[in-house]
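Here are my notes on this one, point by point. Have the structure open while you read.

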Amino acid sequence: QDYFTDENRVLKKDPQQDYHLEYAMENSTHTILAFSRELHTCDTNDKSITESTMRVIWAYHHKDMGEAGQNYHGSNRGTKSLRLLNPEKEEVLSASLPYFDLTNKDVPVPDKDTTYWCQMFKIPVQHEKHHVTKVEPLIQKGHENLVHHILLYQCSSNLNDSVLDYGHECYHPNMPDSFLTCETVIFAWAIGGEGFTYPPHVGLSIGTAADPQFVLMEVHYDNPSYTEGLIDNSGLRLIYTPVLRKYDAGVIEAGLWVSLFHNIPPGMPEFVSEGHCTLECLEEALGAERPTGIHVFAVLLHAHLAGRAIRMRHFHNGEEQKLLAYDDEFDFNFQEFQYLEEERTILPGDNLITECHYSTVDRIRMTWGGLSTRNEMCLSYLLYYPRINLTRCASIPDIMEQLQFIGVKEIYRPVRQTWPFIIKSPKQYKNLSFMDAMNKFKWSRSEGVSYNELVLKLPVNVRCSKTDNAEWSIQGMTALPPEIERPYKTEPVICSSSPCLPCSLFLTLLFVVQVTASTIGNIGPFV
(Lines give C-alpha, C1' and ligand atoms only; values in the text may rest on other atoms or scores of the structure.)
Protein backbone atom coordinates (compact mmCIF):
# COMPACT_ATOMS: atom_id res chain seq x y z
CA GLN A 1 0.00 0.00 0.00
CA ASP A 2 1.03 3.60 -0.65
CA TYR A 3 1.34 5.65 2.55
CA PHE A 4 2.83 9.06 3.30
CA THR A 5 3.79 10.87 6.48
CA ASP A 6 3.15 14.36 7.82
CA GLU A 7 5.21 16.72 9.99
CA ASN A 8 4.06 14.77 13.08
CA ARG A 9 5.48 11.53 11.57
CA VAL A 10 2.03 9.97 11.41
CA LEU A 11 1.53 7.48 8.55
CA LYS A 12 -1.55 8.07 6.41
CA LYS A 13 -2.88 6.04 3.51
CA ASP A 14 -2.46 7.93 0.26
CA PRO A 15 -5.75 8.41 -1.65
CA GLN A 16 -3.69 8.12 -4.86
CA GLN A 17 -2.09 4.67 -4.87
CA ASP A 18 1.04 4.94 -7.04
CA TYR A 19 3.07 1.95 -5.84
CA HIS A 20 2.43 -1.37 -7.58
CA LEU A 21 3.48 -4.75 -6.24
CA GLU A 22 5.37 -6.70 -8.90
CA TYR A 23 6.47 -9.72 -6.89
CA ALA A 24 6.48 -10.98 -3.29
CA MET A 25 8.07 -13.99 -1.62
CA GLU A 26 8.49 -15.07 1.98
CA ASN A 27 10.16 -17.95 3.80
CA SER A 28 11.42 -18.57 7.32
CA THR A 29 14.29 -16.08 7.01
CA HIS A 30 13.48 -13.54 4.30
CA THR A 31 10.66 -11.38 3.03
CA ILE A 32 11.13 -10.01 -0.49
CA LEU A 33 8.99 -7.33 -2.12
CA ALA A 34 9.54 -6.00 -5.63
CA PHE A 35 7.48 -2.92 -6.42
CA SER A 36 7.39 -0.18 -9.01
CA ARG A 37 6.34 3.45 -9.29
CA GLU A 38 6.33 6.22 -11.87
CA LEU A 39 9.30 8.57 -11.53
CA HIS A 40 6.95 11.59 -11.43
CA THR A 41 3.42 10.88 -10.21
CA CYS A 42 1.82 14.37 -9.93
CA ASP A 43 0.93 13.34 -6.36
CA THR A 44 1.83 16.03 -3.79
CA ASN A 45 2.36 13.25 -1.24
CA ASP A 46 5.06 11.60 -3.40
CA LYS A 47 8.64 12.69 -3.94
CA SER A 48 9.84 12.73 -7.54
CA ILE A 49 12.56 10.21 -8.34
CA THR A 50 15.41 11.96 -10.19
CA GLU A 51 19.11 11.50 -10.90
CA SER A 52 19.84 13.28 -7.60
CA THR A 53 20.76 11.46 -4.41
CA MET A 54 17.63 9.91 -2.87
CA ARG A 55 17.40 9.19 0.85
CA VAL A 56 15.59 5.89 1.20
CA ILE A 57 14.08 5.25 4.65
CA TRP A 58 13.08 1.74 5.65
CA ALA A 59 11.37 0.18 8.67
CA TYR A 60 9.69 -3.13 9.47
CA HIS A 61 7.98 -5.07 12.24
CA HIS A 62 7.77 -8.86 12.58
CA LYS A 63 3.98 -8.76 13.04
CA ASP A 64 1.33 -7.96 10.46
CA MET A 65 -0.24 -4.55 10.41
CA GLY A 66 -3.48 -4.65 12.40
CA GLU A 67 -6.72 -2.68 12.19
CA ALA A 68 -5.33 -0.15 14.66
CA GLY A 69 -2.58 0.75 12.19
CA GLN A 70 1.09 -0.02 11.88
CA ASN A 71 3.12 -1.52 14.69
CA TYR A 72 6.04 0.55 15.90
CA HIS A 73 9.21 -0.71 14.24
CA GLY A 74 11.52 -0.13 17.22
CA SER A 75 15.16 -0.49 16.17
CA ASN A 76 14.26 -2.23 12.88
CA ARG A 77 14.79 0.87 10.79
CA GLY A 78 17.42 2.75 8.88
CA THR A 79 18.21 5.12 6.07
CA LYS A 80 20.48 4.96 3.04
CA SER A 81 21.50 7.48 0.40
CA LEU A 82 21.29 6.01 -3.09
CA ARG A 83 21.19 7.07 -6.71
CA LEU A 84 18.22 5.03 -7.85
CA LEU A 85 18.73 6.03 -11.49
CA ASN A 86 22.50 5.50 -11.58
CA PRO A 87 23.09 1.73 -11.53
CA GLU A 88 26.58 0.36 -11.95
CA LYS A 89 27.42 -0.47 -15.54
CA GLU A 90 27.90 -4.19 -15.58
CA GLU A 91 30.65 -5.67 -17.67
CA VAL A 92 31.76 -9.28 -17.80
CA LEU A 93 35.37 -9.28 -16.66
CA SER A 94 37.60 -12.33 -16.90
CA ALA A 95 38.25 -13.82 -13.47
CA SER A 96 41.86 -14.32 -14.51
CA LEU A 97 42.61 -10.62 -14.99
CA PRO A 98 45.49 -9.38 -12.84
CA TYR A 99 44.93 -6.85 -10.07
CA PHE A 100 46.76 -5.01 -7.32
CA ASP A 101 45.47 -3.83 -3.97
CA LEU A 102 46.00 -0.50 -2.23
CA THR A 103 45.12 -1.21 1.39
CA ASN A 104 45.86 0.38 4.73
CA LYS A 105 48.08 -1.63 7.05
CA ASP A 106 46.78 -1.87 10.62
CA VAL A 107 45.57 1.72 10.87
CA PRO A 108 44.54 2.50 14.48
CA VAL A 109 41.17 4.27 14.17
CA PRO A 110 40.89 6.90 16.95
CA ASP A 111 37.96 6.84 19.37
CA LYS A 112 36.46 9.99 17.89
CA ASP A 113 33.53 10.74 15.60
CA THR A 114 35.37 11.45 12.34
CA THR A 115 38.89 10.62 11.16
CA TYR A 116 40.45 11.15 7.71
CA TRP A 117 43.46 8.90 7.16
CA CYS A 118 45.86 9.41 4.23
CA GLN A 119 48.35 6.88 2.90
CA MET A 120 50.66 7.24 -0.09
CA PHE A 121 51.12 4.31 -2.50
CA LYS A 122 53.25 3.65 -5.56
CA ILE A 123 51.54 2.04 -8.52
CA PRO A 124 53.23 -1.34 -9.08
CA VAL A 125 55.82 -1.08 -11.85
CA GLN A 126 54.55 -2.37 -15.19
CA HIS A 127 57.06 -3.00 -17.97
CA GLU A 128 54.54 -1.99 -20.59
CA LYS A 129 51.27 -0.09 -20.82
CA HIS A 130 48.13 -1.61 -19.26
CA HIS A 131 44.59 -0.38 -18.71
CA VAL A 132 42.74 -0.42 -15.38
CA THR A 133 39.21 -1.52 -16.23
CA LYS A 134 37.58 -1.60 -12.79
CA VAL A 135 38.13 -0.33 -9.25
CA GLU A 136 36.49 -2.13 -6.33
CA PRO A 137 36.29 -1.30 -2.61
CA LEU A 138 37.94 -3.75 -0.20
CA ILE A 139 36.20 -3.15 3.11
CA GLN A 140 37.47 -5.13 6.08
CA LYS A 141 34.83 -7.56 7.32
CA GLY A 142 32.87 -6.03 10.18
CA HIS A 143 33.90 -2.49 9.22
CA GLU A 144 31.12 -1.90 6.67
CA ASN A 145 29.72 0.97 8.78
CA LEU A 146 33.12 2.27 9.92
CA VAL A 147 34.60 3.04 6.49
CA HIS A 148 32.53 5.92 5.17
CA HIS A 149 34.28 6.91 1.96
CA ILE A 150 37.53 6.41 0.06
CA LEU A 151 39.10 8.86 -2.38
CA LEU A 152 42.13 8.12 -4.57
CA TYR A 153 44.22 11.09 -5.74
CA GLN A 154 46.96 11.29 -8.36
CA CYS A 155 50.15 12.85 -6.96
CA SER A 156 53.17 14.59 -8.46
CA SER A 157 55.43 12.26 -10.42
CA ASN A 158 58.45 14.07 -8.97
CA LEU A 159 58.17 12.26 -5.62
CA ASN A 160 60.43 9.41 -4.48
CA ASP A 161 59.88 6.24 -2.48
CA SER A 162 60.61 7.95 0.84
CA VAL A 163 57.01 9.22 0.90
CA LEU A 164 55.75 5.63 1.19
CA ASP A 165 57.01 5.00 4.69
CA TYR A 166 53.95 5.91 6.70
CA GLY A 167 50.39 7.20 6.67
CA HIS A 168 49.12 10.25 8.50
CA GLU A 169 45.89 11.92 9.49
CA CYS A 170 44.73 14.04 6.53
CA TYR A 171 44.36 17.85 6.75
CA HIS A 172 46.53 17.87 9.87
CA PRO A 173 49.11 20.65 10.46
CA ASN A 174 51.86 18.00 10.60
CA MET A 175 50.73 16.23 7.44
CA PRO A 176 53.70 15.53 5.09
CA ASP A 177 54.22 18.16 2.37
CA SER A 178 54.18 15.40 -0.27
CA PHE A 179 50.46 14.88 0.43
CA LEU A 180 49.78 18.43 -0.79
CA THR A 181 50.89 17.44 -4.32
CA CYS A 182 47.95 15.02 -4.58
CA GLU A 183 45.05 17.04 -5.92
CA THR A 184 43.32 15.22 -8.78
CA VAL A 185 40.69 12.63 -7.78
CA ILE A 186 40.92 9.55 -9.99
CA PHE A 187 38.48 7.37 -8.02
CA ALA A 188 35.80 7.89 -5.38
CA TRP A 189 33.79 5.41 -3.36
CA ALA A 190 31.24 6.12 -0.63
CA ILE A 191 29.36 3.91 1.81
CA GLY A 192 26.61 2.11 -0.06
CA GLY A 193 28.46 2.49 -3.35
CA GLU A 194 29.78 -0.24 -5.60
CA GLY A 195 32.90 -0.50 -7.69
CA PHE A 196 33.46 1.64 -10.79
CA THR A 197 33.70 -0.03 -14.19
CA TYR A 198 35.17 1.90 -17.11
CA PRO A 199 33.26 1.80 -20.42
CA PRO A 200 34.44 -0.99 -22.79
CA HIS A 201 36.32 1.46 -25.02
CA VAL A 202 38.12 3.33 -22.20
CA GLY A 203 40.67 2.44 -19.51
CA LEU A 204 42.85 4.16 -16.92
CA SER A 205 46.38 3.91 -18.29
CA ILE A 206 49.22 2.66 -16.06
CA GLY A 207 52.79 1.69 -16.88
CA THR A 208 54.00 4.68 -18.94
CA ALA A 209 55.85 7.85 -17.93
CA ALA A 210 52.69 9.93 -18.42
CA ASP A 211 50.64 7.77 -16.04
CA PRO A 212 50.16 8.05 -12.26
CA GLN A 213 53.28 6.86 -10.41
CA PHE A 214 52.22 7.83 -6.88
CA VAL A 215 48.67 7.97 -5.52
CA LEU A 216 47.22 9.05 -2.19
CA MET A 217 44.33 7.12 -0.64
CA GLU A 218 42.09 9.07 1.75
CA VAL A 219 39.81 7.00 3.99
CA HIS A 220 37.06 8.62 6.04
CA TYR A 221 36.33 6.65 9.22
CA ASP A 222 32.97 7.24 10.89
CA ASN A 223 33.02 6.20 14.56
CA PRO A 224 30.05 7.95 16.24
CA SER A 225 30.05 5.51 19.18
CA TYR A 226 33.72 6.37 19.93
CA THR A 227 34.68 2.68 19.90
CA GLU A 228 38.24 2.12 21.10
CA GLY A 229 40.85 -0.28 19.77
CA LEU A 230 39.66 -0.45 16.14
CA ILE A 231 42.33 -1.51 13.62
CA ASP A 232 41.52 -1.21 9.92
CA ASN A 233 42.97 -2.70 6.73
CA SER A 234 40.44 -1.51 4.13
CA GLY A 235 41.32 -0.13 0.71
CA LEU A 236 40.85 -0.57 -3.02
CA ARG A 237 41.44 -3.22 -5.67
CA LEU A 238 42.41 -2.12 -9.18
CA ILE A 239 41.77 -4.71 -11.90
CA TYR A 240 43.80 -4.23 -15.07
CA THR A 241 44.46 -5.84 -18.43
CA PRO A 242 47.32 -5.96 -20.97
CA VAL A 243 44.68 -5.91 -23.73
CA LEU A 244 44.57 -2.20 -24.42
CA ARG A 245 41.35 -0.36 -25.05
CA LYS A 246 40.90 2.29 -27.70
CA TYR A 247 41.20 5.34 -25.41
CA ASP A 248 43.01 6.46 -22.24
CA ALA A 249 40.75 8.00 -19.59
CA GLY A 250 41.59 11.42 -18.20
CA VAL A 251 40.30 13.46 -15.25
CA ILE A 252 39.72 17.22 -15.24
CA GLU A 253 39.06 19.12 -12.02
CA ALA A 254 36.64 21.93 -12.82
CA GLY A 255 35.07 24.53 -10.56
CA LEU A 256 36.32 26.93 -7.90
CA TRP A 257 40.02 26.95 -7.06
CA VAL A 258 40.22 25.93 -3.40
CA SER A 259 41.26 29.09 -1.54
CA LEU A 260 40.11 31.81 0.86
CA PHE A 261 38.88 33.77 -2.17
CA HIS A 262 35.89 31.41 -1.95
CA ASN A 263 33.89 32.36 1.14
CA ILE A 264 30.32 32.12 2.41
CA PRO A 265 28.72 34.42 5.02
CA PRO A 266 27.17 32.89 8.16
CA GLY A 267 23.44 32.47 8.74
CA MET A 268 22.53 32.00 5.05
CA PRO A 269 19.79 29.48 4.19
CA GLU A 270 20.88 29.71 0.54
CA PHE A 271 24.17 30.93 -0.94
CA VAL A 272 25.36 30.14 -4.46
CA SER A 273 29.00 29.89 -5.56
CA GLU A 274 30.15 29.36 -9.14
CA GLY A 275 33.40 27.95 -10.47
CA HIS A 276 34.19 28.59 -14.13
CA CYS A 277 35.97 26.31 -16.54
CA THR A 278 36.32 29.17 -18.96
CA LEU A 279 35.95 29.37 -22.70
CA GLU A 280 39.52 30.73 -22.85
CA CYS A 281 41.06 27.71 -21.06
CA LEU A 282 39.14 25.13 -23.09
CA GLU A 283 39.87 27.04 -26.32
CA GLU A 284 43.62 26.89 -25.71
CA ALA A 285 43.94 23.37 -24.26
CA LEU A 286 41.49 21.60 -26.56
CA GLY A 287 42.49 23.68 -29.56
CA ALA A 288 46.10 22.55 -29.14
CA GLU A 289 45.52 18.92 -28.21
CA ARG A 290 42.05 17.83 -29.32
CA PRO A 291 40.22 20.24 -31.68
CA THR A 292 37.47 17.65 -32.25
CA GLY A 293 36.68 17.66 -28.52
CA ILE A 294 36.75 15.28 -25.58
CA HIS A 295 33.97 12.95 -24.45
CA VAL A 296 32.80 12.99 -20.81
CA PHE A 297 31.31 9.71 -19.53
CA ALA A 298 31.12 10.20 -15.75
CA VAL A 299 31.16 13.08 -13.24
CA LEU A 300 31.84 13.39 -9.51
CA LEU A 301 30.25 16.48 -7.90
CA HIS A 302 32.10 17.54 -4.74
CA ALA A 303 31.40 19.91 -1.85
CA HIS A 304 31.67 19.67 1.94
CA LEU A 305 29.27 19.79 4.88
CA ALA A 306 27.50 23.06 3.97
CA GLY A 307 26.75 21.79 0.43
CA ARG A 308 23.07 21.25 -0.42
CA ALA A 309 22.98 21.02 -4.24
CA ILE A 310 25.49 21.01 -7.13
CA ARG A 311 24.90 21.45 -10.84
CA MET A 312 27.33 21.21 -13.76
CA ARG A 313 26.18 23.63 -16.47
CA HIS A 314 27.45 23.36 -20.05
CA PHE A 315 27.47 26.15 -22.67
CA HIS A 316 28.25 25.78 -26.39
CA ASN A 317 28.58 28.88 -28.56
CA GLY A 318 26.98 30.81 -25.70
CA GLU A 319 23.88 28.60 -25.63
CA GLU A 320 23.13 26.52 -22.56
CA GLN A 321 22.92 22.78 -23.11
CA LYS A 322 21.19 20.20 -20.93
CA LEU A 323 22.83 19.92 -17.49
CA LEU A 324 25.96 17.81 -17.71
CA ALA A 325 25.31 16.45 -14.18
CA TYR A 326 23.37 17.51 -11.11
CA ASP A 327 22.51 16.53 -7.55
CA ASP A 328 19.77 18.63 -5.97
CA GLU A 329 19.85 16.53 -2.77
CA PHE A 330 23.60 16.52 -2.18
CA ASP A 331 24.81 14.30 0.68
CA PHE A 332 28.43 14.85 1.72
CA ASN A 333 28.57 11.28 3.04
CA PHE A 334 27.56 9.75 -0.30
CA GLN A 335 29.84 10.82 -3.14
CA GLU A 336 30.68 8.72 -6.15
CA PHE A 337 31.09 9.12 -9.89
CA GLN A 338 27.79 9.32 -11.77
CA TYR A 339 27.67 7.65 -15.16
CA LEU A 340 26.19 9.95 -17.77
CA GLU A 341 23.18 8.57 -19.60
CA GLU A 342 24.87 9.65 -22.83
CA GLU A 343 28.48 10.72 -23.33
CA ARG A 344 28.85 14.48 -23.68
CA THR A 345 31.29 16.12 -26.09
CA ILE A 346 33.17 19.21 -24.85
CA LEU A 347 34.56 21.37 -27.67
CA PRO A 348 37.07 24.23 -27.89
CA GLY A 349 35.22 27.42 -26.96
CA ASP A 350 32.68 25.70 -24.70
CA ASN A 351 32.50 26.73 -21.08
CA LEU A 352 31.43 24.86 -17.97
CA ILE A 353 30.08 26.23 -14.69
CA THR A 354 30.02 24.28 -11.45
CA GLU A 355 27.14 25.81 -9.47
CA CYS A 356 27.09 25.01 -5.74
CA HIS A 357 24.31 25.79 -3.28
CA TYR A 358 25.11 26.04 0.42
CA SER A 359 23.34 26.54 3.73
CA THR A 360 25.17 28.15 6.67
CA VAL A 361 22.15 28.81 8.91
CA ASP A 362 23.85 26.93 11.76
CA ARG A 363 27.13 28.88 11.53
CA ILE A 364 28.10 32.17 13.19
CA ARG A 365 31.41 32.77 11.40
CA MET A 366 32.47 32.88 7.76
CA THR A 367 32.92 29.59 5.93
CA TRP A 368 36.15 29.55 3.89
CA GLY A 369 37.31 27.58 0.90
CA GLY A 370 39.74 24.93 2.15
CA LEU A 371 40.58 21.28 2.71
CA SER A 372 38.83 20.68 6.04
CA THR A 373 35.26 19.36 6.00
CA ARG A 374 34.22 22.53 7.90
CA ASN A 375 35.74 24.53 5.02
CA GLU A 376 34.08 24.36 1.61
CA MET A 377 34.74 23.29 -1.95
CA CYS A 378 32.83 23.61 -5.21
CA LEU A 379 34.28 21.13 -7.69
CA SER A 380 33.37 18.75 -10.48
CA TYR A 381 35.66 15.92 -11.55
CA LEU A 382 35.09 14.97 -15.19
CA LEU A 383 36.05 11.48 -16.38
CA TYR A 384 36.61 11.68 -20.11
CA TYR A 385 38.53 10.40 -23.13
CA PRO A 386 40.88 10.70 -24.92
CA ARG A 387 43.28 11.99 -22.25
CA ILE A 388 44.84 15.39 -22.89
CA ASN A 389 47.28 17.51 -20.88
CA LEU A 390 44.66 19.42 -18.90
CA THR A 391 44.19 18.55 -15.24
CA ARG A 392 42.48 21.65 -13.85
CA CYS A 393 40.10 24.15 -15.43
CA ALA A 394 38.96 26.44 -12.63
CA SER A 395 38.58 30.04 -11.49
CA ILE A 396 39.10 32.40 -8.55
CA PRO A 397 36.78 35.39 -7.97
CA ASP A 398 38.40 38.82 -7.69
CA ILE A 399 39.37 39.57 -4.08
CA MET A 400 39.48 43.38 -4.05
CA GLU A 401 35.76 43.87 -4.68
CA GLN A 402 34.99 41.39 -1.90
CA LEU A 403 37.03 43.62 0.43
CA GLN A 404 35.32 46.75 -0.83
CA PHE A 405 31.93 45.22 -0.04
CA ILE A 406 32.71 45.22 3.70
CA GLY A 407 34.17 48.74 3.50
CA VAL A 408 37.91 48.08 3.17
CA LYS A 409 39.63 51.05 1.53
CA GLU A 410 43.33 50.15 1.51
CA ILE A 411 45.59 47.16 2.17
CA TYR A 412 49.33 46.97 2.79
CA ARG A 413 51.21 46.23 -0.42
CA PRO A 414 52.80 44.30 -1.97
CA VAL A 415 50.28 41.51 -1.53
CA ARG A 416 52.36 38.38 -1.10
CA GLN A 417 51.24 34.90 -2.02
CA THR A 418 51.24 33.94 1.65
CA TRP A 419 48.15 34.61 3.73
CA PRO A 420 46.90 36.59 5.43
CA PHE A 421 47.48 40.02 3.90
CA ILE A 422 46.86 42.94 6.23
CA ILE A 423 44.33 45.78 5.93
CA LYS A 424 45.54 49.40 6.27
CA SER A 425 42.24 51.30 6.38
CA PRO A 426 39.56 52.10 7.48
CA LYS A 427 40.22 52.31 11.19
CA GLN A 428 37.84 49.51 12.29
CA TYR A 429 39.79 46.99 10.19
CA LYS A 430 43.32 48.45 10.60
CA ASN A 431 45.97 45.71 10.94
CA LEU A 432 43.37 42.96 10.63
CA SER A 433 43.75 40.10 8.18
CA PHE A 434 41.22 39.58 5.41
CA MET A 435 39.72 36.67 7.35
CA ASP A 436 39.44 38.66 10.60
CA ALA A 437 37.82 41.60 8.82
CA MET A 438 35.24 39.41 7.07
CA ASN A 439 34.38 37.78 10.40
CA LYS A 440 34.15 41.19 12.13
CA PHE A 441 31.67 42.50 9.55
CA LYS A 442 28.10 42.32 10.86
CA TRP A 443 26.46 39.95 8.38
CA SER A 444 22.68 40.12 8.08
CA ARG A 445 20.70 37.93 5.75
CA SER A 446 20.06 40.86 3.39
CA GLU A 447 23.79 41.74 3.39
CA GLY A 448 24.52 38.09 2.56
CA VAL A 449 22.11 38.18 -0.40
CA SER A 450 23.68 41.40 -1.72
CA TYR A 451 27.16 39.92 -1.31
CA ASN A 452 26.09 36.79 -3.20
CA GLU A 453 24.78 38.88 -6.10
CA LEU A 454 28.08 40.77 -6.22
CA VAL A 455 30.33 37.68 -6.10
CA LEU A 456 28.53 35.99 -9.00
CA LYS A 457 29.28 38.97 -11.27
CA LEU A 458 32.93 39.48 -10.30
CA PRO A 459 35.76 39.02 -12.83
CA VAL A 460 37.53 35.70 -12.34
CA ASN A 461 41.17 34.68 -12.45
CA VAL A 462 41.60 31.73 -14.83
CA ARG A 463 43.33 28.54 -13.59
CA CYS A 464 44.30 26.32 -16.52
CA SER A 465 46.81 23.66 -15.45
CA LYS A 466 48.75 20.80 -16.97
CA THR A 467 50.22 17.81 -15.12
CA ASP A 468 52.90 18.39 -12.45
CA ASN A 469 51.89 22.05 -11.95
CA ALA A 470 52.77 23.16 -15.49
CA GLU A 471 50.40 25.79 -16.90
CA TRP A 472 48.73 26.76 -20.14
CA SER A 473 49.54 30.35 -21.19
CA ILE A 474 45.99 31.47 -20.32
CA GLN A 475 46.70 30.76 -16.61
CA GLY A 476 46.35 33.90 -14.47
CA MET A 477 44.34 35.83 -17.07
CA THR A 478 41.28 37.74 -15.89
CA ALA A 479 37.98 36.87 -17.56
CA LEU A 480 34.38 37.96 -17.09
CA PRO A 481 31.80 35.32 -16.20
CA PRO A 482 29.37 34.71 -19.08
CA GLU A 483 25.96 36.36 -19.12
CA ILE A 484 23.72 33.50 -18.06
CA GLU A 485 20.28 32.96 -16.60
CA ARG A 486 20.38 32.66 -12.82
CA PRO A 487 19.31 30.53 -11.17
CA TYR A 488 19.27 27.60 -13.55
CA LYS A 489 15.70 26.81 -14.57
CA THR A 490 15.00 23.10 -14.46
CA GLU A 491 13.18 21.43 -17.31
CA PRO A 492 9.43 20.93 -16.76
CA VAL A 493 8.58 17.53 -15.32
CA ILE A 494 6.24 15.28 -17.27
CA CYS A 495 4.42 13.26 -14.67
CA SER A 496 1.92 10.45 -14.78
CA SER A 497 -0.16 8.53 -12.28
CA SER A 498 -1.24 5.98 -14.85
CA PRO A 499 -1.10 2.33 -13.76
CA CYS A 500 0.07 1.50 -17.28
CA LEU A 501 3.73 0.96 -16.36
CA PRO A 502 5.08 0.37 -19.88
CA CYS A 503 3.56 3.68 -20.97
CA SER A 504 6.19 5.83 -19.27
CA LEU A 505 9.34 5.71 -17.20
CA PHE A 506 9.07 3.81 -13.97
CA LEU A 507 11.33 2.43 -11.31
CA THR A 508 11.29 -1.07 -9.89
CA LEU A 509 12.70 -1.57 -6.41
CA LEU A 510 13.55 -4.77 -4.61
CA PHE A 511 13.14 -4.72 -0.83
CA VAL A 512 14.71 -7.64 1.02
CA VAL A 513 14.50 -8.17 4.77
CA GLN A 514 16.46 -10.89 6.49
CA VAL A 515 14.87 -11.88 9.78
CA THR A 516 16.93 -13.53 12.49
CA ALA A 517 15.69 -16.67 14.19
CA SER A 518 14.66 -14.75 17.31
CA THR A 519 12.14 -12.67 15.38
CA ILE A 520 10.68 -15.35 13.13
CA GLY A 521 6.99 -15.50 13.74
CA ASN A 522 3.92 -14.08 12.14
CA ILE A 523 5.72 -12.21 9.40
CA GLY A 524 3.19 -10.51 7.18
CA PRO A 525 3.03 -7.87 4.49
CA PHE A 526 5.00 -4.68 4.88
CA VAL A 527 3.73 -1.14 4.48
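1. Start with valine 251: its opposite number in E30 is leucine 383. This is a predicted model, so please read everything below in that light. The two strands concerned, E20 (residues 250-256) and E30 (residues 379-385), run antiparallel and are joined by six bridges.

2. Zoom out and you'll find an open sheet of seven strands with mixed pairing, in the order E27-E23-E30-E20-E31-E34-E35. The edges are strand E27 (338-346) and strand E35 (478-479); each has a single partner strand, so one side of each has no neighbour in the sheet.

3. Is glutamine 338 buried or exposed? This residue lies in strand E27. Its relative accessibility is 4%, and buried means under 20%, so glutamine 338 counts as buried. Setting aside neighbours within four places in sequence, its contacts include Glu51, Arg83 and Asn86, as well as Phe297, Ala298 and Val299.

4. Now the largest nonpolar core, which has 117 residues. Met120, Phe196, Phe297, Phe337 and Leu390 have the most contacts inside it. Strand E23 (residues 294-302) supplies the largest share of this core, seven residues.

5. Leucine 390 deserves a look of its own. Not counting residues up to four places away in sequence, this leucine touches Val251 and Ile252, and also Cys281, Leu282, Ala285, Tyr384, Cys464, Ser465 and Trp472.

6. Last, the N-terminal annotation: an unreviewed UniProt entry lists residues 1-61 as "domain: DOMON". Over that stretch the chain is 46% strand and 0% helix, with the end C-alpha atoms 15 Å apart.

How values were computed
Residues numbered from 1 in each chain as written. Predicted model: local features only at pLDDT ≥ 70, side-chain atom pairs only at ≥ 80, totals over all residues. Heavy atoms only, no water. UniProt positions renumbered as here; feature names shortened; annotations may be inferred. Helix = DSSP H or I, 4+ residues; strand = E, 2+ residues; numbered from the N terminus. Core = buried A, V, L, I, M, F, W, Y, C linked by side-chain atoms within 4.5 Å. Buried < 20%, exposed > 50% of the residue type's maximum accessible area, 1.4 Å probe, protein only. Contact = heavy atoms within 4.5 Å. Pairing = 2+ DSSP bridges.
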